Amino acid sequence: MPVSAQEVRDRFTRFRILVVGRANSGKTTLLQKVCNTTEKPLIFDGKGKKIDADIVKSSVDRGYHDIDNELVFQSNPGFIFHDSCGFEAGGEDEFKKMKEFVSKRASTRKLNERIHAIWYCIPMDEYHRAITTAEERFFSECDTNNVPVIAVFTKFDALSAVALGKLRRIPGLTRKDQFERTPKLVEEIFANANIWGRLCGTRHPPKHYVRLAKMNIDNTDCGPLLECTTGALGDEALQMLLISTQQTNLELCITYAVKKEVMTFFKRACQGSLQVLEDECILMQKGIAKWFPHTGVVSPAMVVQ
C-alpha cells in the first residue's frame with residue numbers, strides 16, 4: 001500500500017540537506033537565515049552524539065572534516081544539514097568521500113538518513129571564477145539519484161557593485177543615471193558570464209538556481225530558495241515535509257495549500273465528480289490544515305453546535 005504524504009510527514013519529521021560550497025561562500029549565513037537565527041549550530045556525529053564545536057574547529061583547521069556530522073540549529077531542529085567543506089580545495093580523498101556520501105545518502109532505504117536536497121553555493125563576489133574544478137567535477141561526476149540539486153548564487157549583490165563601478169567610468173552619467181542602469185547591467189554581467197549555461201551543460205546539472213543577495217541584512221530571508229527547493233522535490237510527501245519543517249515562509253504554506261487542496265477540490269466539483277457537501281468541505285479544511293503544522297486550526301464544524 002503506498003504511503004500517503006501525511007504519513008511520511010508523521011513518520012519523518014526532519015528534512016536533511018547537504019550544503020556544498022567553497023569557504024566564504026555564505027553557507028553559514030544562509031543556514032542561519034533558513035532557521036531564523038544568528039546562533040551557531042549544534043554539531044552531532046553520525047550516531048547522534050553531540051560534539052564539542054571547538055574540537056570540530058580544531059579538526060577543520062588541521063584539514064580534516066567529517067561530512068557525516070549533522071548540523072542542527074536549536075531554533076529549528078527539524079532541519080539537519082551536512083557540510084561538504086573540504087573537497088572544494090581540491091583534495092582527492094575529500095572528493096571521493098563526498099561522492100560516496102551522496103551516493104549512499106541519496107539512495108539509502110533508511111528514509112530518516114536520506115538526504116532530500118542539495119544546495120550548491122556559488123558566491124558571486126568571485127563571479128569571474130564561479131565555476132572552478134570543484135564545480136566541474138561535482139556536476140560531471142556526482143549522480144545524486146534524483147535528489148534535486150539547487151545552485152545557490154550567493155552574494156549576488158556583489159554584481160551590483162561591479163556594475164556600478166563600470167557605470168561610474170562612463171563620462172557624463174549622473175549618479176541617478178548610474179543607479180537606474182545598474183540592475184540591467186547586472187543582468188548583462190550575469191548572462192555574459194554564462195555560469196548557468198555552463199552548469200546546464202554538465203552530465204549531472206542542477207535542477208534549478210536561485211540568486212540571493214544581502215543575506216547579512218536583518219530583513220532578508222531565503223524565501224526564494226525554499227520555494228525553489230519545494231518545487232524541485234516534485235513528490236508531494238517531500239514537499240509537505242519541507243514546508244512543514246520550515247517556519248519562516250507563511251506564503252509558501254498558503255501557496256501549496258491552495259494548489260494541492262483548494263484547487264483540487266474545486267476542479268473535482270466543477271467536473272461533477274463530487275457533491276459539495278459539508279463532509280467534503282471538512283475534508284478540504286483538514287487538507288489545508290496539514291500544510292500549516294505550526295498553526296492551530298479550528299474547523300467551523302467544531303464550533304457550531
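A residue is called buried here when its relative accessible area is under 20%, exposed when that area is over 50%, and partly exposed in between. In this predicted model, helix H9, which spans residues 223-233, is mostly covered by that measure, since eight of its 11 residues are buried. The buried residues of H9 are Gly223, Leu225, Leu226, Cys228, Thr229, Thr230, Ala232 and Leu233. Just after H9 comes Gly234, which takes a positive phi of about 75 degrees.

**The chain as a whole**

The protein chain contains 13 helices and eight strands, and buried residues make up 43% of its 305 residues. Of the contacts in the chain with a separation of 6 or more, 70% are between residues 24 or more positions apart. The chain exposes about 17000 Å², and carbon and sulfur atoms supply 51% of that area.

**The sheet and a helix across it**

The eight strands form an open sheet with mixed pairing, in the order E3-E2-E4-E5-E1-E6-E7-E8. Strand E3 (50-51) and strand E8 (208-211) stand at the edges, each with a single partner strand, so one side of each is left without a neighbour in the sheet. Within the sheet, strand E2 (residues 42-44) and strand E4 (residues 70-73) run antiparallel and are joined by three bridges, and Phe44 stands opposite Glu70 in E4. Helix H4 (residues 92-107) lies across strand E1 (15-20), strand E5 (76-83) and strand E6 (117-123), and runs at about 160 degrees to E1.

**Salt bridges between parts of the chain**

Side chains of opposite charge can pair when their charged atoms come close. With a side-chain nitrogen of Lys or Arg required to lie within 4 Å of a carboxyl oxygen of Asp or Glu, the count comes to 13 salt bridges. Among them are the three pairs listed below.

| Salt bridge | N to O distance |
|---|---|
| Asp68 and Arg105 | 3.6 Å |
| Glu92 and Arg137 | 2.9 Å |
| Arg198 and Glu136 | 3.9 Å |

In the salt bridge between Asp68 and Arg105, Asp68 lies in the loop between helix H3 (53-61) and E4 while Arg105 lies in helix H4, so the pair ties together parts that are 37 residues apart in sequence. Asp68 counts as partly exposed because its relative accessibility is 26%, whereas Arg105, with a relative accessible area of 8%, is buried.

Helix H4 also supplies a partner to the salt bridge between Glu92 and Arg137. Glu92 lies in helix H4 and Arg137 in helix H5 (residues 133-141), so this pair ties together parts that are 45 residues apart in sequence. Glu92 is partly exposed at 46% relative accessibility, and Arg137 is partly exposed with a relative accessible area of 22%.

Helix H5 takes part in the salt bridge between Arg198 and Glu136 as well. Arg198 lies in helix H8 (residues 195-200) and Glu136 in helix H5, so the two tie together parts that are 62 residues apart in sequence. Arg198 is partly exposed, with a relative accessible area of 40%, and Glu136 is partly exposed at 39%. Apart from these pairs, Arg22, Glu126, Arg129 and Glu135 are joined into one network by salt bridges that share partners.

How values were computed
Residues are numbered from 1 along each chain as its sequence is written. This is a predicted model: local features need pLDDT of at least 70, side-chain atom pairs count only at pLDDT 80 or more; totals for chains, interfaces and linings use all residues. Side-chain values use heavy atoms; hydrogens and water are left out. Buried means under 20% relative accessible area, exposed over 50%, partly exposed in between (1.4 Å probe, protein chains only). Helices (H or I, at least four residues) and strands (E, at least two) are DSSP runs, numbered from the N terminus. Two strands pair if DSSP finds at least two bridges between them. Contact means heavy atoms within 4.5 Å. Axes are lines fitted to C-alpha atoms, for helices over the stretch in contact, and angles run from 0 to 180 degrees between N-to-C directions. Accessible areas come from the Shrake-Rupley method with a 1.4 Å probe; for residues, only the protein chains shown count as cover.
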